[in-house]
Structures are given as structure tokens and as C-alpha cells.
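Q: Could we go through this structure term by term, asking each time what a label rests on?

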Amino acid sequence: MGKRILVHVCCGPCSTASIERLVSEGYEPVLFFSDSNIFPYEEFMKRYENLLIVAHHYGLSVILDEWDHDAWLDAVKGHEADREHGERCLLCFRFNLARAAEKARELGIDSFTTTLTVSRFKSSPAIFSIGEQFPGFEKIDFKKKDGFNRSILLSKSLGLYRQDYCGCEFSLRDRK
Ligand code: SF4
């Protein structure tokens, strides 16, 4: 048995290459879908259902966190007008990573990480600087080893839905 690691998962497509890499490196991933930032709720469920396809493919199960969008809105209050990659996104990472750290602690899992680093649109150093403020965070840069391209390839082969906005209503507004 590999080393258990709780994996905060942002969406199915990003989970593909991350899971593949973790398994190849001897980890036993415990998937945690905790993304109260996603709006609307139907989109949250759609992304969760796509993660279930990936989890099934790798023979894993998924722990689903509640969709506490009001709490997330409180956490980013005052930053609604920020552009993507600004302060709001750092607060958003913090919100989700705090929940992942708490879940890992609750389950007695010593380490946790996040699939957020797969995306070439997200800064891994920024994610690491927040993650390392929580005990047990492992700085794994999933975009390394061609992770981003690998996630696109795997997502296509599994027929996954690939969203065209980051997740919150503000990123949806900016896309429009
Ligand atoms: S744009 Fe993405 S990372 Fe930034 S706050 Fe919205 S959901 Fe979070």
C-alpha cells in the first residue's frame, strides 16, 4: 500500500494527470471535492459528476464536501471586481486549502495536496505559498512532467466535460 495523501480536486480534467502521477509515484490518493467557489450549483454538480468518471476509471472514491458558496463569498468579500489571478484568487485558494487541511486532519491523513497546480493558468508558487501555511501540505507541481498537456489528453479519452471558465460567478462574468 502506498502513502495515503488527501488530494483537493478542483475538477475532473485536472484530476486525471494528477492521479496518474501520484499513483505512479507510489501514493494512495484520497480524493476530496471541495470547491464552494464554483457557481452556479448546477456547475458544481456537473464538475463533481465528471470527477466521478475519473475516480471510477482509477478505482478510487470521492469525498464530497458541502457547497458552502455563501461562506466562500464572505471569504472573498471586497474582491469581487478583481481580475482573475489577483487577490481574490489567493483568498479562494486559501479557502479551499483550509478545508482540505481540515479534512485530512479529521481523517488522520498526514499529508495533502491540490490539483490546482495542473493548470497553466494558475501560479504554482502562489498556491504553494498558501498551502505551506497548513500542516501536511505537499508542494507537488502537477504541471511539471507535461502534466497540463497530459490532463487534456486523458480528459479527451475519458470524454470529460471541460469548462471554459475558472469557476466563480466573477470569472463567469469576465468570460462573458
Ligand atoms: S477566478 Fe477561479 S481561482 Fe479566482 S476566485 Fe474565481 S474560482 Fe477562485
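Q: How does the lining of the largest pocket divide by class into nonpolar, polar and charged residues?
A: In this predicted model, the lining of the largest pocket holds 19 nonpolar, ten polar and ten charged residues. Cysteine counts as nonpolar and glutamate as charged, so Cys166 and Glu84, both among the lining residues closest to the centre of the pocket, fall into the nonpolar and the charged class respectively.

Q: What makes a residue part of that lining, and which residues are the closest to the centre of the largest pocket?
A: A lining residue must have an atom within 4 Å of a grid point of the pocket. The pocket, with a volume of about 810 Å³, has 39 such residues, and the closest to its centre are Glu84, Ser119, Phe121, Lys122 and Cys166.

Q: Which helices each supply at least two residues of the lining, and which one gives the most?
A: Helices α1 (12–24), α4, α6 (147–157) and α7 (169–175) each supply at least two residues, while α4 gives the most, with six residues.

Q: How do you know that the ligand takes the space of the largest pocket?
A: A molecule is said to sit in a pocket if more than half of its atoms lie within 2 Å of the grid points of that pocket, and the space taken by the ligand is assigned to the largest pocket, so that condition is met here.

Q: Which residues are around the ligand, and where does the largest share of this shell come from?
A: With a heavy atom within 4 Å of the ligand as the criterion, the shell consists of Asn37, Trp72, Glu84, Arg88, Cys89, Cys92, Phe93, Cys166, Cys168 and Ser171. Helix α4 (residues 87–107) contributes the largest share, four residues, and by class the shell divides into six nonpolar, two polar and two charged residues.

Q: Why are β2 and β3 called paired?
A: Pairing requires at least two bridges between two strands, and three bridges join β2 (residues 27–33) to β3, so the two strands, which run parallel, count as paired. Phenylalanine 32 stands opposite isoleucine 63 in β3.

Q: What makes β3 and β4 edge strands?
A: The open sheet has four strands in the order β3-β2-β1-β4, with parallel pairing, and β3 (62–64) and β4 (112–114) each pair on one side only. Neighbouring strands are turned by 30° against each other on average, direction ignored.

Q: Where does the cis peptide bond lie, and what is its omega?
A: The bond joins phenylalanine 39 and proline 40, with omega about -5°, and proline 40 has its place in the loop between β2 and α2 (41–58).

Note on methods: Residues are numbered from 1 along each chain as its sequence is written. This is a predicted model: local features need pLDDT of at least 70, side-chain atom pairs count only at pLDDT 80 or more; totals for chains, interfaces and linings use all residues. Side-chain values use heavy atoms; hydrogens and water are left out. On a 1 Å grid over the protein atoms alone, a cavity is a set of points where a 1.4 Å probe fits but cannot get out, and a pocket is an open set with protein on both sides within 12 Å along at least five of seven lines; lining residues have an atom within 4 Å of a point. Grid points are joined across faces, edges and corners, and a volume is the space filled by probe spheres set on the points. Axes are lines fitted to C-alpha atoms, for helices over the stretch in contact, and angles run from 0 to 180 degrees between N-to-C directions.
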